[in-house]
Amino acid sequence: AYERRFPTCPLIPMFVASDTVSEYKSEDGAIHVIERRCKLDIDAPRLLKKIAGVDYVYFVQKNSLNRRERTLHIEAYNETFSNRVIINEHCSYTVHPDNEDWTCFEQSASLDIKSFFGFESTVEKIAMKQYTSNIKKGKEIIEYYLKQLEEEGITFVPRWTPPVACKSESSTSHPRRPVSPAINIPESATKEGLSNKEILNTSSSPSEPTAGTPDDKLDADYIKRYLGDLTPMQESCLIRLRQWLQETHKGKIPKDEHILRFLRARDFNIDKAREILCQSLTWRKQHQVDYILDTWNPPQVLQDYYAGGWHHHDKDGRPLYVLRLGQMDTKGLVRALGEEALLRYVLSINEEGLRRCEENTKVFGRPISSWTCLVDLEGLNMRHLWRPGVKALLRIIEVVEANYPETLGRLLILRAPRVFPVLWTLVSPFIDDNTRKKFLIYAGNDYQGPGGLLDYIDKEIIPDFLGGECMCEVPEGGLVPKSLYRTAEELENEDIKLWTETIYQSASVFKGAPHEVLIQIVDASSVITWDFDVCKGDIVFNIFHSKRAPQPPKKDSLGAHSITSPGGNNVQLIDKVWQLGRDYSMVESPLICKEGESVQGSHVTRWPGFYILQWKFHSMPACATTNLPRVDDVLASLQVSSHKCKVMYYTEVIGSEDFRGSMTSLESSHSGFSQLSAATTSSSQSHSSSMISR
């Protein structure tokens, strides 16, 4: 039955083709080893495939059949990206040691991602998703081919015997047995250490899990009032998991509604539900999540600029949460608060959602265990794809998915702009399949037509900004003032881990003392990318190339300036005796950046060697008709304390072998992130930023 999967299997759409690499058969027919090269069409986002430069991936699979020992071992490893990702898988079919009527199937795999173009987390999620779906599909495929064999009249496979067998051996050989479809072993037959094995039973089918004794049954009115419709098996699973928690868990026992969410998230598989529930309970205790609503007060910045809040309920009685994501300055919030504070605020929203579900259950007299989220994307643009912000969003999704399963009843995404598919491509691999089925996406004003908002929300409570008559008290968001931005050092002092603490660096720039960063390029056509904020003063940004390495960097003592620099360093690489045009060359036009601006860009290298990124103090030009400085220039220069500027920057290099995108999309320019998209949609700066981000 297993061999019928080759050379290709219509039941596995991603399995495109396979070729035999080598094959060996022993003389006595007991051993058969075959090695194949398999072509797979992985279900990965098109954006990721484009960056990786591949449409298909190749795996090598080796199948070793030993008829003497009655075993089939299957080994597989990836050939594509083997220097970046290492995948090893091992499967085995063996005879159960206690019952020869059972065939055991065991499967294990390991995944080691060394690097993958900055999408390591996404690749891990995709791999786990593919592996999980393959495990579920494997049993169906075996059953399909077993049935196919039976339809062809093949109901048994003769036991292997040596070519010359003595009479006594043949007399003790096992009788032929019919082959039956794969089914799960009864729970009573499962041994310690074999809980993850699937069993193929050839004698009789195991009974369904018992629904529990009469003493274990829950009150019917209680179920109808607080839990909803449950089958006897589901009720039994809930009781057994709750009893296990009462006997083993030290601490607060969650309510039945909460336990039920984890069971539903794992299709009432007790072992899997228990595992994720225990992890969640440990996480809640470590982070004091049970007390977050009583002990934690959101910072004023969140209350003013986080454009989200609770707003009545939908037609099913679910609490309704409104999020105006397009009007929210995600970068400003991360820079002003840090990732941890933002995550804590989202957790408090989820805890409030659980509380509102309990209240609505009492109000409406029926179980309400989830809420509806309405996300307005009006104003979403490439600013929202700021990489640290997206990473913070992915982490938040990951934490919420793990600890608040089955809490999202419906997600209504309104006024999705053209940039939305890019964000969706990055985020969707992190969202559970069951959760994704609850998403409804509307572009433009489609939400006002048939099948739109009115199908889910009463007309009286549609928010005013969506054309309704109900005043919505959700903050309007807007840009977070840069005066509220805080450095990594400030956030570190508050014991808050900020994403920019690891990827952003702070540097001071003085008149006559630029800050320079050295990047060595081995292969031409690599891509140097940067993202920096001018926190203080005006600077000129330059990129230089040199064939020879500069001297080891020297930190400016700042003695000439009589200024210390606690918040940033100053490194100079270009020797004063070097001459422009002889020792090094300029590869980009100088870029003047004003105080408060954010700049993103990239440069495609033409030659190997050493590239120097330079932030230089920008001197105010004198008036063209006179040598005397203008009044405005004097006033501006006075605002720069002791001719000091400050930048926060991040750089990264994408190797030529790693980049397969369009080179024309990586042009150096201002990102122009000075306003939200409502004000910058038609500006050339907004266009440039989208080109860079794409």
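These exercises work through salt bridges, a serine, nonpolar cores and strand pairing in a predicted model.

Residues are numbered from 1 along each chain as its sequence is written, and side-chain values use heavy atoms, with hydrogens and water left out. Because the model is predicted, local features need pLDDT of at least 70 and side-chain atom pairs count only at pLDDT 80 or more, while totals for chains, interfaces and linings use all residues.

**Exercise 1. Find where S526 sits and state whether S526 is buried or exposed.**

Step 1. Helices (H or I, at least four residues) and strands (E, at least two) are DSSP runs, numbered from the N terminus. S526 falls in the loop between strand 14 (515-521) and strand 15 (527-536).

Step 2. Buried means under 20% relative accessible area, exposed means over 50%, and partly exposed is in between (1.4 Å probe, protein chains only). S526 has a relative accessible area of 4%, so S526 is buried.

Step 3. The S526 side chain comes to 2.8 Å from the backbone oxygen of D523.

**Exercise 2. Describe the salt bridge of D28 and R68, and explain what the pair ties together.**

Step 1. A salt bridge is a side-chain nitrogen of Lys or Arg within 4 Å of a carboxyl oxygen of Asp or Glu. In the D28 and R68 pair, the closest N and O atoms are 2.7 Å apart.

Step 2. D28 is in the loop between strand 1 (15-25) and strand 2 (31-40), and R68 is in the loop between strand 3 (57-66) and strand 4 (71-78), so the salt bridge ties together parts that are 40 residues apart in sequence.

Step 3. D28 has a relative accessible area of 26% and is therefore partly exposed. R68 is also partly exposed, at 46%.

**Exercise 3. State whether R415 and D376, which meet in a salt bridge, are buried or exposed.**

Step 1. The N to O distance between the two side chains is 2.8 Å.

Step 2. R415 is in the loop between strand 11 (408-414) and helix 13 (420-427), whereas D376 is in strand 10 (residues 371-376); the two are 39 residues apart.

Step 3. The relative accessible area is 15% for R415, which is therefore buried. D376, at 1%, is buried as well.

Step 4. The count for the model comes to 24 salt bridges. Salt bridges also link D314, D316, R318 and R410 in a network.

**Exercise 4. Work out which helix gives the most residues to the largest nonpolar core.**

Step 1. A nonpolar core is a set of buried Ala, Val, Leu, Ile, Met, Phe, Trp, Tyr and Cys residues joined through side-chain atoms within 4.5 Å. The largest one has 56 residues, and those with the most contacts inside it are L302, Y306, L333 and L377.

Step 2. Elements giving two or more residues to this core include helix 9 (300-305), strand 9 (319-323) and helix 12 (387-403). Helix 11 gives the most, with nine residues.

Step 3. A second, separate core has 22 residues, among them V509, V534, L613 and C645.

**Exercise 5. State how strand 1 and strand 2 run, and how many bridges join them.**

Step 1. Two strands pair if DSSP finds at least two bridges between them. Strand 1 and strand 2 are antiparallel and are joined by nine bridges.

Step 2. S22 has E35 in strand 2 as its bridge partner.

Step 3. The hairpin of these strands has five residues between the strands, and G29 there takes a positive phi near 80 degrees.

Step 4. Strand 2 also runs antiparallel to strand 3, with 10 bridges joining them; L40 stands opposite V57 in strand 3.

Notes. Polar contact = N/O pair within 3.5 Å; in protein donor to acceptor, adjacent residues only side chain to side chain.
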